[in-house]
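Subject: Handing over a structure

Hello,

Here is the structure I said I would pass on. Please open it alongside this note.

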Amino acid sequence: MSPSHPGRQVSAIRRKHSAVRLINSARQLVGNTPVIQLRNIVPEGCADVYLKLESGNPTGSYKDRMALSMIEEAERRGDLKPGMTVIEATGGSTGSSLAFVCAMKGYKFQVVSSNAFAMEKLRTMQAFGATLDLVHSPSGKITPDLIPSMVERAKEIAKDPSYYFTAQFNNRDALVGYEAIGRELLEQIPSGIDAFCGAVGGAGMVMGSSKILKSKWPHVHVVVLEPASSPVITEGRTGTHGVEGIGIGFRPPHLEDTLYDEARGVPEADARAMCRRLAKEEGLLVGTSTGMNVVAAVDLAQRLGQGKKVVTVACDTGLKYMNSNLLADD
Ligand SMILES: Cc1ncc(COP(=O)(O)O)c(C=O)c1O
């Protein structure tokens, strides 16, 4: 900072200090995530590509937003009361986030999950005090019947009235938390967005964000993504894949035709290669679904060309996958 511009120096110091917070509860750590422009992996002549770093949430994923809204909306209505046990069927990110929120608020949490998901996530849930019930996947993969059978088991347990089943795939409260991603983007990129894309599991993130983005900029082109080997939305058939959090084996009930313009399958291998590039060329550690989001975002940026803006989301941190060979070979 040049000493000949003291005013500029003071405002820079103020800005820096306003980013340093003293907080009362871990609840305040959810949301308000930064956006970074990807400068090294986007070829010349393309649109700008921005990545919203949801890995900055307390458990390292955007699911913290959803867990908080599902619990707090149920509390507000009186459906969830002190002493009840929260239950969910989850691959682990939702489970980690619900375990975090339940720990903060003093609820017991029971999770139905599987060995098909990262050990780091199962351990995270245990660390927050959750009880684990695992459905075994013989191949260790996400087969078409795995998530439906986990949901069936959770439903069965939740017949006991002392349980509150958050049922993320059908629960509209999930979308409330994700609308904040859209609102934050309106502030972070006030000049407007031309395209937004995201890989879908329950589809809450893309639908919640799109609702807000399209209400301000109706022209925004929203693209939902799925693993090319499990083309449920694009081709109506299921398949096996290894991308955690997405490609749930059935069309997600939250998916609304009016809130997206295009659906695309992305090869898992391209997503994995992009994760490695993001680490080495941009300094960003992200999970496989984020790799998929960035592959599609760069593709859209090529299609749209210079002067346009494409936005996607880093769903979670690559630290959740360090026990796998996603980011480095054994
Ligand atoms: C790592 C990861 N990526 C993407 C998604 C998909 O998000 P949504 O369920 O909002 O479509 C999830 C959801 O569990 C996830 O855990």
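Below is what was found, starting with the domains and ending with two backbone angles.

Please keep in mind that this is a predicted model.

Domains. The assignment for the chain gives domain 1 (32-61 + 179-320) and domain 2 (85-161). Their centres, taken over C-alpha atoms, are 25 Å apart. Contacts between them involve 15 residues of domain 1 and 18 residues of domain 2. On the domain 1 side that touches domain 2, 9 residues are polar, 3 are nonpolar and 3 are charged.

Ligand. There are 19 residues around the ligand, and S93, G201, M205, G245 and S289 come nearest. Two elements give two or more residues to this shell: α3 (93-105) and α7 (204-216). By class, the shell has 10 polar, 6 nonpolar and 3 charged residues. Where does the ligand lie relative to domain 1 and domain 2? Both domains give residues to the shell, so the ligand lies between them.

Helix α7. This helix deserves a look of its own. α7 has 13 residues. From first C-alpha to last it reaches 19 Å, close to the 18 Å expected at 1.5 Å a residue. Even so, α7 has a kink of about 25°, centred on S210. The buried residues of α7 are G204, M205, V206, M207, G208, S209, S210 and L213. Thus S210, where the kink is centred, is itself buried. M205 is buried as well, and it is among the residues that come nearest the ligand. What do the buried residues of α7 pack against? Their partners are two helices, α2 (63-77) and α6 (173-188), and three strands, β7 (195-199), β8 (221-227) and β10 (309-314).

Backbone angles. Two residues other than glycine have positive phi: N32, near 55°, and A203, about 75°. N32 sits in the loop between α1 (6-18) and β1 (35-37). A203 sits in the loop between β7 and α7. Which of the two is buried, and which is partly exposed? A203 has 28 other C-beta atoms within 10 Å, so it is buried, as 20 or more are needed. N32 has 13 within 10 Å, so it is partly exposed, as 12 or fewer would make it exposed.

When you go through the model, α7 is a good place to begin: it gives residues to the ligand shell and carries the kink at S210.

Best wishes

Technical notes:
Residues are numbered from 1 along each chain as its sequence is written. This is a predicted model: local features need pLDDT of at least 70, side-chain atom pairs count only at pLDDT 80 or more; totals for chains, interfaces and linings use all residues. A residue is near a molecule or strand if its C-beta atom, placed from the backbone, lies within 6 Å of it. Helices (H or I, at least four residues) and strands (E, at least two) are DSSP runs, numbered from the N terminus. Ala, Val, Leu, Ile, Met, Phe, Trp, Tyr, Cys and Pro count as nonpolar, Asp, Glu, Lys and Arg as charged, and the others, Gly among them, as polar. Domain bounds come from an automatic or database domain assignment. The expected span of a helix is 1.5 Å times one less than its number of residues. The bend at a residue is the angle between axes fitted to the seven residues ending there and the seven starting there. Two residues are in contact if their C-beta atoms, placed from the backbone, lie within 7 Å.
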